[in-house]
Each structure stands twice: as structure tokens, then as C-alpha cells.
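Let's take a walk through this one together, a stop at a time. Have the viewer open and follow along.

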Amino acid sequence: MCARLIGLLVLMTAWLTTPGAPSAAAPAPDPLWFDEQAASAFTVEGGRFTDGLGREVVLRGYNVSGETKLEENGGLPFASVADAEKSATALRALGGGNTARFLLSWAHAEPVWGRVDRAYLAAATAQMRAFIKAGIRVYPDFHQDLYSRHLFHQGSWYTGDGAPKWAVDAGGYPRESCGLCLFWGQNITQNEAVKKATYDFWHNRDGVQDAFLTTAQTAMAYFAEHLTGAEFAAVAGFDPYNEPHAGSYDSGQNSRGWERDLLWPFYERFRARMDAAGWRSKPAFVEPNLFWNSNLAFQKQEGGLLDAGAIGPRYVFNTHFYDQKAISGVFMWGKAADGQYAGDFGAVRDRAAGAGTAAVVSEFGHPLTGTVSDKAPTVYKAMYQALDSRLRGATWWSKPEQSGPVLSGSQWQWDIYHGRHHELMNGNPGKVLTTADAWNEEDLSAVRLDDSGRAVLRQDARLLDRLCPSATAGRVTAFTYEDRSRDGTTTLTWNPVPKSLPRVAELVGGGQYGLLLWRSDGTAAPTELHLPASFGSPRTTVVSDLGALYGLPSYGADVPIAVAPEPGGAGSRRLLLTAPAQGPHYALVTNGATAPSAELLGAARAELAAWASGRG
């Protein structure tokens, strides 16, 4: 969590499970007339992600997975393609995801200096393909934490992942020690071995950075060659380096100077390797100094790629966010509340806008067991709320035009092997880790396998499987989603329909609802929203300028409000809204109504039309 996990984790039982997903995808549904062109491209345009139809795209999903950090499956996310298929189907059907940040291991890709293991790349390609076949976009990430597990010895309290053993051996680093560190993330700034090795990477000592770039280029060229054209089109881009940090600064250097003088030139070199490997049309998902947006003042460092200029469309502003105050158990005593992270995620939107590109929060999360796990339901709800809008729920209805772009994000993490590991920590046969995530006492996986081998959620499905504008024909003006997720037995409602709209409130009742405002570009292709499993087609209500109806018809010509399967055969569905003309539109989607009358639908539509007038 990357580097910000500073809370003591004590393993407890998972607090919620849900019915499982099918073990593999059903045959893929026939594509609709626009699907092939939509999937043919993915790029950055006007500060937003767009597909092959020019529609605004939102990426939502998970990191797949922390298993890559472990040795038990050879640095791969899965033991087999069958397990990858099971995970992908569940991610789509249970988790509501359309994207996976797909973790790779440099140590396993290049176990011998200058020699790339093509068997590893072949296995990674096959597992990646399982997600693409399920209708999920992927963006690979050569992951690292604490530079390398090979810095640590069998008796170490902690471990790392990333660089190969030969890269560590070449450096001749001191025996690692973090002193009185209580939490693994402290190794980043206190463990001299980690600091020195990280410093050497950025300064390319002994050509180690050159070797990494060459391996990355070889891997990217392999993926481009061995995926079909349609499969390769589903690869959104590449994340060059997870959670970068200087290790230590040169004399007179600070974080901002390090980003300018060492980190950004590295990204430019990586970008050139992408181009040479056949990835010219795909963006690099580049991360700033991991401490640029820390919410602990004593840990925050100036950064955010401030001196890189306008970086779109060839680069995406990619960042992580963990609530270090909440994780600490000390700096935030209560739970998260409405609008808790509006400022933090607003800063991400602002920084991406300043860089002239799109943004993705490629990691966010909170421990699901341990001393601070009671905060998890509210922390996650507040994070998803902040991804959807920069406004807190209490003010959204009064000024939706200030909502800002809907942010893309990948929750940490999605590991079907949760609680079923067999990891020899740092190769120590006397220290076999089986519980939770089996890595530095983390427990953040949203999924696990039950005793029958089915994938089941460890978090509230109402929280994870979310209504989301996955592809908007035009541009999103505002969006909000009230998931009614639970904190124990308490329903969390942070965005109630205001009393000034009594018929809309009557229609929604105690149900979940989402509201999208968008400005259509007049194209024939529809706007798509992921429809959660809790929004069954017969009992879903849509109130829009395009019509008002209870129960969703199947998609077809001249059907402006309709439902269809999502690509991939996982059983997930999408709401399709076809706006025939350019201009502003609105759509309320809810599962709260039971056979509403025509009078109620009409009255709610009139209220929404008056409210939305002039806001698009």
C-alpha cells in the first residue's frame, strides 16, 4: 500500500461476504454495433480518457494483485490461467470492475542480468488475456516496494519486491535494518539498504536502470506481438514504476528537484522504450513522488511532477491515496464522514488539469482487519464518493456543476488467494505465511475463495459494485452515486435527495440511486453506465429527459433507454442511454421504486427537468 501502511494490523475475521461469482465466464454475448469501434482505441483527449468512438471513459477496478509480490507463484498474479479466468469473471460480476492494474515482477522477468525469461512473459500474457477476454481493460505495472525482497534476509521482520537478486548483489549493500521500525513503510526512509539501493537505481549505478528499461521494452514488445490486435487494443497503457521515491537526496536537492532532474527524465526514457516496442499510441501512467499528497503534514513532500509541463496525451497523471491518519489509529480517532476526501481527490483533479492530462488513482484502500478496520466501511465509501465527484453529498444537489470530472481508480487489491497462501517469507522455511495477503501483515484484498472454490467478496457489494458512467457520448457534467452501503448494521446515506424535490425523493425511497448530467456530442453511439447486480432490469427505474420508465427493455434501434450485457460474458450489464441531439441531458437511475405509477414518474421527471435546467 504500498508505502503508506502505517497502522498495526492484527488479523481478524472478514466482516462481510456475499454470494459468489461463477467460476468462469459464460460465452461472450454478441457485440452491439458500436462495441468493436469503441474497443479499438484508448487515449487521452482534452484531459479525459476516450475510447474509439471518442466517448469519455472512466476506468474502475482493482489491482491484480499483491500475489505478484510473493514467490509462491513465481512472481505471477495466478497459479494458472484457469485461476486468472475465475478472478476476472468475479472482478467483473461481483466487483463491478472494468479495469485491472496488472502487476508484473522485474525479478522474475529478468532473473539473470541481460537475459529475459520469455516463459515468464508468456505466462503473464496468458493471464492478462483472461482479463481482456472478460471485457476488462488492463494496464501493466512493474511493481516494487522497498526496492527488492533480496535486500532482506531470512530473519528480517519485513520483505520487499521488485528488483532481481543480481541487481542487489551488484550494489554490495549493507545488511538491512530498520532499527525500531514498527511498520513496513518506515523502511523507505529509515532502512539504509533500501535507501542506498533506491538511490542507485535513480542514478543508474552499474547500468541497473538501463537494464530495467531494456527488460521493460522487451516485455512490452512481447505483449504487443503475442496479443491479437483486438486484445492489444484493450491494454490501456503502462505504469513504469510503483510509488517512486529518491531513497535519499543529493546535497541541496529536494523532492521537487529530484522529480525534475531524475524521475521525469526516467519517464521520458521509458516513454521512448514504449514507442520502440510498438506502444506509441498508448499513454504512460506516471507517478510522482509517493509522498506528494500525504495527508500527514510531517510526511508530505513537494511534488506532483510540477515542472514537467503539459504531459498529455502521452502521459497520464497517476497517483495513489491512502488515509494515513485513519490507518495510524492515532491521528484520526473517528470514522470517515461525508466529503472526507473531497479535498485530497480534488487536488488530484487539479494537478491533472494543470498537467493537461487525465488522472487515475491507481491505488487506494484501507485495512480490512486489525485495530483500525472499524473505519474501513466509511473510509472506502468516502474514497469512492471522492472519485465520483469533488463535492460532498450534502452540497452536491445545490451546485452539481462544480462536481468535476469523474476520476478513474483501481482499488488495492483483488487477490483470490487471500487467506490461502503458502509463502516462505524471504525464503525462510520456518516462516511460512498463509493468512491474509501474506505480505508484511497487510490485509486489503476485496475478494477471497470460499471452501467450494467460488470467489466471494469480503466487502459490502453495495460499496464495490457501483453505478458508474463507463463511457459517455460527449462529456460528463456531473455525477453522483448514493450506494447505501453499510457500516455494520447502519446504512450510510450521505447524499439524500433534497426536500425541494419531494416526488424524486418519493421515487428513490430508501434505494440506491445515481444521477448523471452530461452534454451529448450528438453521435449515434449511446452513453453507457455499469449497472450493478442490485439493479435488476425488471425493477430499475430511469427518469431522464430521454423518457421515464420502470423496468428496462433490451437494447435495440429507437430504444433510448435500454439494458444490454457488458462485453466479456461475465453476466454484468450496462444501461444504454441514446441521446439523439447535442446538448445537455440528465438521467436518474434507482432501484428504490416498486411499480411506480405513471403519475409519480411524470412528476419526478418534471421536478428533475426544472432542477437540471441551466446546469448543463
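Start at Thr-527, whose side chain makes a polar contact with the side chain of Trp-518 at 3.5 Å. Keep in mind as you look that this is a predicted model. The same Thr-527 side chain also reaches the backbone nitrogen of Ala-473, at 3.0 Å. You'll find Thr-527 in strand β20, which covers residues 527-531. Is Thr-527 buried or exposed? With a relative accessibility of 1%, Thr-527 counts as buried, since the cut-off for that label is anything under 20%. Setting aside neighbours within four places in sequence, the residues in contact with Thr-527 are Ala-471, Thr-472, Ala-473, Leu-516, Trp-518, Leu-575, Leu-576 and Leu-577.

Leu-516 is a handy way into the sheet, as its bridge partner in β25 is Ala-587. That bridge belongs to the pairing of β19 (residues 513-520) with β25, which is antiparallel and runs over eight bridges. Zoom out and you'll see an open sheet of five strands, ordered β16-β19-β25-β21-β22, with antiparallel pairing. At the edges sit β16 (474-482) and β22 (547-550), each pairing on one side only. From one strand to the next, the twist averages 15°. Helix α17 packs on this sheet, where it touches β19, β21 (541-544), β22 and β25, and its direction makes about 45° with that of β21.

Just ahead of that helix there's a backbone oddity to look at. Ala-595 is found in the loop between β25 (583-590) and α17 (598-612), and its phi is positive, about 45°, although it is not a glycine. Most residues other than glycine have a negative phi, and most peptide bonds are trans. Ala-595 is exposed, with a relative accessible area of 54%.

Now compare Leu-146, another non-glycine residue with a positive phi, near 60° in this case. Leu-146 sits in the loop between β6 and α5 (165-171). Here the setting is a buried one, as Leu-146 has a relative accessible area of 4%.

While you're there, look at β6 itself. Why is strand β6 described as largely enclosed by the rest of the structure? Six of the six residues of β6 (residues 137-142) are buried, so the strand is largely enclosed. In a regular strand the side chains alternate between the two faces of the sheet. In β6, Arg-137, Tyr-139 and Asp-141 point one way while Val-138, Pro-140 and Phe-142 point the other way, and all are buried. Alongside runs β5 (residues 99-104), parallel to β6 and joined to it by six bridges. One pair to pick out is Leu-104, whose bridge partner in β6 is Phe-142.

Next, go to Thr-215, which lies in helix α8 (residues 208-226). Thr-215 is buried, at a relative accessible area of 2%. Not counting residues up to four places away in sequence, Thr-215 touches Trp-106, Ala-109, Glu-110 and Val-116.

For a long-range link, try Ser-572, in the loop between β23 (561-565) and β24 (573-577). The C-alpha atoms of Ser-572 and Gly-97 are separated by 9.7 Å, though the two residues are 475 residues apart along the chain. Ser-572 is buried too, with a relative accessible area of 7%. Beyond residues up to four places away in sequence, Ser-572 touches Arg-92, His-530, Pro-565 and Glu-566. With Glu-566 there is a polar contact between side chains, at 2.6 Å.

Two packed helices are described by the angle between their axes and the distance between the axes. For α12 (residues 342-354) and α13 (residues 376-388), the axes come within 9 Å and cross at roughly 35°. The crossing of α12 and α13 is right-handed. On the α12 side the contact is made by Ala-342, Phe-345 and Arg-349, and on the α13 side by Met-383, Ala-386, Leu-387 and Asp-388. Sorted by class, that contact has five nonpolar residues, two charged ones and no polar ones.

Finish with the peptide bonds. The bond from Gly-312 to Pro-313 is cis, with omega near 0°, and Pro-313 is found in the loop between β7 (284-286) and β8 (315-322). The bond from Trp-412 to Gln-413 is also cis, with omega near 0°; Gln-413 lies in the loop between β10 (408-411) and β11 (423-424).

Terms used. Residues are numbered from 1 along each chain as its sequence is written. This is a predicted model: local features need pLDDT of at least 70, side-chain atom pairs count only at pLDDT 80 or more; totals for chains, interfaces and linings use all residues. Side-chain values use heavy atoms; hydrogens and water are left out. Axes are lines fitted to C-alpha atoms, for helices over the stretch in contact, and angles run from 0 to 180 degrees between N-to-C directions. Helices (H or I, at least four residues) and strands (E, at least two) are DSSP runs, numbered from the N terminus. A crossing is left-handed if the near helix is turned anticlockwise from the far one by less than a right angle, and right-handed if clockwise. Contact means heavy atoms within 4.5 Å. Ala, Val, Leu, Ile, Met, Phe, Trp, Tyr, Cys and Pro count as nonpolar, Asp, Glu, Lys and Arg as charged, and the others, Gly among them, as polar. Buried means under 20% relative accessible area, exposed over 50%, partly exposed in between (1.4 Å probe, protein chains only). Two strands pair if DSSP finds at least two bridges between them. A polar contact is a pair of N or O atoms within 3.5 Å; within protein, one must be able to donate a hydrogen and the other to accept it, and residues adjacent in sequence count only if both atoms are side-chain atoms.
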